[in-house]
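User: Hi! I'm new to this one and would like a quick tour. Could you take a look with me?

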Amino acid sequence: MTTSMEDLLQTVALGPVSAGIYAALNVPRLTSLATGGIWTDVPQGATYPAVLFDVTETQQLGGFGTKPGVGMLPEIALRIHVYSQYAGFDEAHRILSVVKSLLADAPDVDGWSSWAIFWDDVIPLADEVVAGVKVKELVANARLFVEAQS
(Lines give C-alpha, C1' and ligand atoms only; values in the text may rest on other atoms or scores of the structure.)
Protein backbone atom coordinates (compact mmCIF):
# COMPACT_ATOMS: atom_id res chain seq x y z
CA MET A 1 0.00 0.00 0.00
CA THR A 2 1.42 3.38 -0.98
CA THR A 3 0.95 6.55 0.99
CA SER A 4 0.14 9.70 -0.96
CA MET A 5 1.61 13.09 -0.13
CA GLU A 6 -1.89 14.23 0.89
CA ASP A 7 -2.12 11.36 3.42
CA LEU A 8 1.29 12.31 4.86
CA LEU A 9 0.34 15.98 5.14
CA GLN A 10 -2.88 15.09 6.95
CA THR A 11 -0.98 13.42 9.79
CA VAL A 12 1.98 15.80 10.04
CA ALA A 13 0.38 17.95 12.76
CA LEU A 14 -0.69 15.08 15.01
CA GLY A 15 2.73 14.40 16.59
CA PRO A 16 3.42 18.03 17.55
CA VAL A 17 -0.18 18.53 18.73
CA SER A 18 -0.01 15.40 20.88
CA ALA A 19 3.34 16.50 22.35
CA GLY A 20 1.96 19.98 23.09
CA ILE A 21 -1.12 18.61 24.83
CA TYR A 22 0.95 16.13 26.84
CA ALA A 23 3.29 18.93 27.97
CA ALA A 24 0.32 21.12 28.97
CA LEU A 25 -1.33 18.30 30.97
CA ASN A 26 1.68 16.58 32.54
CA VAL A 27 2.06 19.14 35.32
CA PRO A 28 1.71 18.79 39.11
CA ARG A 29 -1.62 20.63 39.16
CA LEU A 30 -3.15 17.69 37.24
CA THR A 31 -0.88 14.77 38.18
CA SER A 32 -1.55 15.42 41.88
CA LEU A 33 -5.21 14.54 41.14
CA ALA A 34 -4.71 12.01 38.33
CA THR A 35 -2.16 10.01 40.27
CA GLY A 36 -2.23 7.17 37.73
CA GLY A 37 -0.72 9.50 35.14
CA ILE A 38 -1.38 11.13 31.80
CA TRP A 39 -1.43 8.63 28.95
CA THR A 40 -1.68 8.39 25.18
CA ASP A 41 -2.02 4.61 25.55
CA VAL A 42 -3.22 2.57 28.54
CA PRO A 43 -0.09 1.08 30.16
CA GLN A 44 0.24 -2.39 31.66
CA GLY A 45 -0.52 -2.25 35.38
CA ALA A 46 -2.39 1.04 35.06
CA THR A 47 -3.51 2.76 38.25
CA TYR A 48 -6.34 5.23 38.70
CA PRO A 49 -7.46 7.97 38.57
CA ALA A 50 -5.79 8.74 35.25
CA VAL A 51 -6.20 10.71 32.05
CA LEU A 52 -5.91 9.29 28.53
CA PHE A 53 -6.05 11.50 25.45
CA ASP A 54 -5.93 10.97 21.72
CA VAL A 55 -5.84 13.26 18.70
CA THR A 56 -7.05 12.70 15.14
CA GLU A 57 -7.31 15.00 12.17
CA THR A 58 -10.91 15.36 11.07
CA GLN A 59 -10.60 17.76 8.16
CA GLN A 60 -8.23 20.10 6.34
CA LEU A 61 -9.41 23.70 6.16
CA GLY A 62 -6.65 25.12 3.94
CA GLY A 63 -9.10 27.62 2.46
CA PHE A 64 -9.09 29.51 5.76
CA GLY A 65 -6.45 30.88 8.09
CA THR A 66 -3.80 33.52 7.46
CA LYS A 67 -3.08 32.19 3.92
CA PRO A 68 -6.49 31.17 2.51
CA GLY A 69 -6.19 28.50 -0.15
CA VAL A 70 -2.46 28.08 0.39
CA GLY A 71 -1.76 27.13 3.99
CA MET A 72 -2.44 23.99 5.98
CA LEU A 73 -5.12 24.45 8.63
CA PRO A 74 -6.14 21.07 10.04
CA GLU A 75 -9.02 20.63 12.48
CA ILE A 76 -7.79 18.28 15.19
CA ALA A 77 -10.25 16.24 17.24
CA LEU A 78 -9.13 15.90 20.86
CA ARG A 79 -10.71 13.24 23.04
CA ILE A 80 -9.98 13.21 26.77
CA HIS A 81 -10.82 10.12 28.85
CA VAL A 82 -10.78 10.44 32.63
CA TYR A 83 -10.78 7.10 34.46
CA SER A 84 -11.66 6.85 38.13
CA GLN A 85 -12.50 4.12 40.64
CA TYR A 86 -14.40 6.61 42.79
CA ALA A 87 -18.03 5.57 43.47
CA GLY A 88 -19.53 8.46 41.47
CA PHE A 89 -18.32 10.90 38.85
CA ASP A 90 -17.26 13.68 41.26
CA GLU A 91 -13.56 12.81 41.09
CA ALA A 92 -13.61 12.50 37.29
CA HIS A 93 -15.41 15.85 36.95
CA ARG A 94 -12.83 17.56 39.21
CA ILE A 95 -10.00 16.13 37.09
CA LEU A 96 -11.71 17.11 33.83
CA SER A 97 -12.20 20.63 35.17
CA VAL A 98 -8.44 20.92 35.70
CA VAL A 99 -7.78 19.49 32.21
CA LYS A 100 -10.03 22.14 30.69
CA SER A 101 -8.41 24.93 32.69
CA LEU A 102 -4.93 23.77 31.61
CA LEU A 103 -6.07 23.83 27.99
CA ALA A 104 -7.99 27.13 28.27
CA ASP A 105 -5.20 28.64 26.19
CA ALA A 106 -4.23 26.53 23.20
CA PRO A 107 -1.01 24.58 23.86
CA ASP A 108 2.32 25.34 22.21
CA VAL A 109 2.64 23.17 19.10
CA ASP A 110 6.11 22.95 17.53
CA GLY A 111 6.01 24.18 13.91
CA TRP A 112 2.35 25.18 14.15
CA SER A 113 0.42 28.10 15.54
CA SER A 114 -2.46 26.80 17.61
CA TRP A 115 -5.84 28.38 18.09
CA ALA A 116 -8.49 28.02 20.73
CA ILE A 117 -9.87 24.66 21.83
CA PHE A 118 -13.63 24.28 21.43
CA TRP A 119 -15.24 21.84 23.88
CA ASP A 120 -18.17 19.97 22.33
CA ASP A 121 -19.55 17.47 24.84
CA VAL A 122 -18.90 15.33 27.90
CA ILE A 123 -20.14 11.73 28.09
CA PRO A 124 -20.23 9.78 31.38
CA LEU A 125 -19.69 6.02 31.00
CA ALA A 126 -20.31 4.04 34.16
CA ASP A 127 -18.77 0.71 35.15
CA GLU A 128 -16.28 0.00 32.39
CA VAL A 129 -13.35 -2.39 32.60
CA VAL A 130 -9.98 -0.94 31.59
CA ALA A 131 -6.85 -3.08 31.85
CA GLY A 132 -8.84 -5.52 34.00
CA VAL A 133 -10.02 -2.87 36.48
CA LYS A 134 -13.60 -1.63 36.93
CA VAL A 135 -13.69 2.15 36.48
CA LYS A 136 -15.97 5.07 35.74
CA GLU A 137 -15.06 6.92 32.55
CA LEU A 138 -15.77 10.52 31.64
CA VAL A 139 -15.14 11.35 27.96
CA ALA A 140 -14.78 14.94 26.74
CA ASN A 141 -14.65 15.78 23.04
CA ALA A 142 -13.05 18.94 21.74
CA ARG A 143 -11.69 20.49 18.55
CA LEU A 144 -8.41 22.35 18.09
CA PHE A 145 -7.27 24.22 15.00
CA VAL A 146 -3.59 24.57 14.13
CA GLU A 147 -1.96 26.35 11.22
CA ALA A 148 1.38 25.45 9.66
CA GLN A 149 3.98 28.16 10.26
CA SER A 150 5.99 29.14 7.24
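User: Thanks! How much area does the protein chain expose, and what share do carbon and sulfur atoms supply?
Analyst: Happy to help. Keep in mind that this is a predicted model. The protein chain exposes about 7,900 Å², and 54% of that is supplied by carbon and sulfur atoms.

User: And what percentage of its residues count as buried?
Analyst: The protein chain has 150 residues, and 41% of them count as buried.

User: Okay, how many helices and strands are there?
Analyst: You'll find four helices and five strands in the protein chain. Starting at the N terminus, the order is α-α-α-β-β-β-α-β-β.

User: What about contacts between residues 24 or more positions apart, what share do they have?
Analyst: Taking the contacts in the protein chain with a separation of 6 or more, 62% come from residues 24 or more positions apart.

User: New topic: which peptide bond is cis?
Analyst: The one from Y48 to P49 is cis, and its omega is near 5 degrees.

User: Where does P49 sit?
Analyst: P49 lies in the loop between β1 (38-39) and β2 (50-60).

User: What's the phi of D127?
Analyst: D127 has a positive phi of about 50 degrees, although it is not a glycine. This residue belongs to strand β4, which covers residues 112-130.

User: Why does D127 count as partly exposed?
Analyst: Because its relative accessibility is 45%, and partly exposed lies between the cut-offs of 20% and 50%.

User: And A131, where is that?
Analyst: A131 is in the loop between β4 and β5 (133-148). A131 also has a positive phi of about 50 degrees without being a glycine.

Key:
Residues numbered from 1 in each chain as written. Predicted model: local features only at pLDDT ≥ 70, side-chain atom pairs only at ≥ 80, totals over all residues. Heavy atoms only, no water. Helix = DSSP H or I, 4+ residues; strand = E, 2+ residues; numbered from the N terminus. Buried < 20%, exposed > 50% of the residue type's maximum accessible area, 1.4 Å probe, protein only. Contact = heavy atoms within 4.5 Å. Areas by Shrake-Rupley, 256 points an atom, 1.4 Å probe, with all protein chains shown as cover.
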